[in-house]
Amino acid sequence: MKSLKEINERKESALQSLHGSDGLRVVVGMATCGLSAGANPVYQALKNGVEEKKLKHVAVSPTGCIGMCTYEPIVEVLNSDGSKITYVHMDEAKTKRVVEEHLEKGNPVKEYTVSGEMKNLEDLDFYKKQKRVVLKNCGAINPESIDEYIAVNGYQALAKVLLEMKPDEVIELLKASGLRGRGGAGFLTGQKWSFARNVEADQKYIICNADEGDPGAFMDRSVLEGDPHAVLEAMVIGGYAIGASKGYIYIRAEYPVAVGRLKSAISQAKELGFLGDNIFGTDFSFDIEIRLGAGAFVCGEETALIASIEGKRGMSRNKPPFPAVSGLWGKPTCINNVETLANIPQIILNGPDWFRSFGTEKSAGTKVFALAGKVKRGGLVE
């Protein structure tokens, strides 16, 4: 991509493909939660059924975690007018009936829907009280399609930053938003970026910390499985802001679905010029590599994580110096976790006042929580 015009043309084409005119779009939740509950056979049954019955008006695609993991496998039928019906606890037999009754004849199968009441998940109180920012695209787009990400304004924030803003302006905008690190410490993201920006060095780094080791936590995994391009876009923006040309995603090897989708996303981003040399025709270049963690809990701490990337034993060290001054291979390094990064493209596009319009006075924005264990509704809450 060399210009905003090119990405807008791609967006229009992607939107037409995504929504069509009179067709139905059917998505299957295929994050780890869905896959472990049996989403693969459901997905194949849908594909086979639509193909056998020659239902050319129906498009079937995978999506990420829809949020209500307790209802998996989940299938959603989206109409061209934006309305939808959610089917829960699906299996192959139920799927075949949905194909025959709903997709072919237009008669939804009421008893397979949420509570048997023809509701979709957004109708439930569980969802009504949420504000989805980080999870906005999770369960809505195909995470393996860069065009579907572009259709929902993907890489527009990167275009705005590179073509209209100076690095210091990006950092000041983040400071004004009040975004704090979502990894635990709650440090102001814009301030962290400014520290690295102000250090003179021949090389700087951006690291995404996806080593989510807390028991029962799966927020970061779900974002990477459902919306990997949002994290890549944020890392490139961060690289531009602090003057870095290289990024690393440090992710648990126990997250194979997320790793696979990240690899695919990086490949697609390189192909379209969102990663690599002279992004959007500017003199800014940035690349990203993946590094797999071997399950050491301590490597979720930033200095231990850095040591691991360097090929050393993952052990924490005393601070200062802080990574923003002396991090990876002794160079200025900004480390942000997945959820923190996923907020950034939307903050760039919507502005700091929008982001501050929810949250608290001292901590703007939303927070994603994973609900696991002996609870009524396991899943993700934002």
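## Rings, sheets and helices in a predicted model

Let's start with one ring: Phe195 has a relative accessible area of 39%, so Phe195 is partly exposed. Here buried means under 20% relative accessible area, exposed means over 50%, and partly exposed lies in between (1.4 Å probe, protein chains only).

Before going on, a word on the model: it is predicted, so local features need pLDDT of at least 70 and side-chain atom pairs count only at pLDDT 80 or more, while totals for chains, interfaces and linings use all residues. Residues are numbered from 1 along each chain as its sequence is written, and side-chain values use heavy atoms, with hydrogens and water left out.

**Aromatic pairs**

How many aromatic pairs does a search of the whole structure find? The search finds 12. Rings of Phe, Tyr and Trp (its six-membered ring) pair if their centres lie within 6.5 Å; planes under 30 degrees apart count as stacked, over 60 as edge-to-face and the rest as tilted. Two of the pairs are set out here.

| Pair | Distance of centres | Angle of planes | Kind |
|---|---|---|---|
| Phe187 and Phe195 | 6.2 Å | 45° | tilted |
| Trp354 and Phe355 | 6.3 Å | 45° | tilted |

Phe187 is partly exposed because its relative accessibility is 38%. In the other pair, Trp354 counts as partly exposed at 23%, whereas Phe355 is buried at 0%. Ring pairs also link Tyr149, Tyr155, Phe274 and Phe280 into a cluster.

**Two sheets**

Now for the strands. Helices (H or I, at least four residues) and strands (E, at least two) are DSSP runs, numbered from the N terminus. Two strands pair if DSSP finds at least two bridges between them.

One open sheet has four strands in the order S2-S1-S3-S4, with mixed pairing. Strand S2 (58–63) and strand S4 (84–87) are its edge strands, each pairing on one side only. From one strand to the next, the twist averages 20°. Strand S1 (residues 24–29) runs parallel to S2, and six bridges join them; Leu24 stands opposite Val58 in S2. Helix H4 (residues 92–104) lies across S1, S2, strand S3 (75–78) and S4, running at about 170° to S4. Axes are lines fitted to C-alpha atoms, for helices over the stretch in contact, and angles run from 0 to 180 degrees between N-to-C directions.

Another open sheet of four strands follows the order S7-S6-S5-S8, and its pairing is parallel. Strand S7 (287–293) and strand S8 (333–337) each have a single partner strand, so one side of each is left without a neighbour in the sheet. Strand S6 (residues 246–252) pairs with S7 over seven bridges in the parallel sense, and Ile251 stands opposite Leu292 in S7. Helix H12 (residues 256–272) lies across S6 and S7, running at about 170° to S7.

**Two packed helices**

Two packed helices are described by the angle between their axes and the distance between the axes. The axes of helix H7 (residues 156–164) and helix H11 (residues 228–242) come within 9 Å and cross at roughly 10°. H7 is therefore roughly parallel to H11; angles under 35 degrees count as roughly parallel, over 145 as roughly antiparallel, 65 to 115 as roughly perpendicular and the rest as oblique.

Which residues make the contact? From H7 come Gln156, Ala157, Leu158, Val161 and Leu162, and from H11 come Glu233, Val236, Ile237 and Tyr240. Contact means heavy atoms within 4.5 Å.
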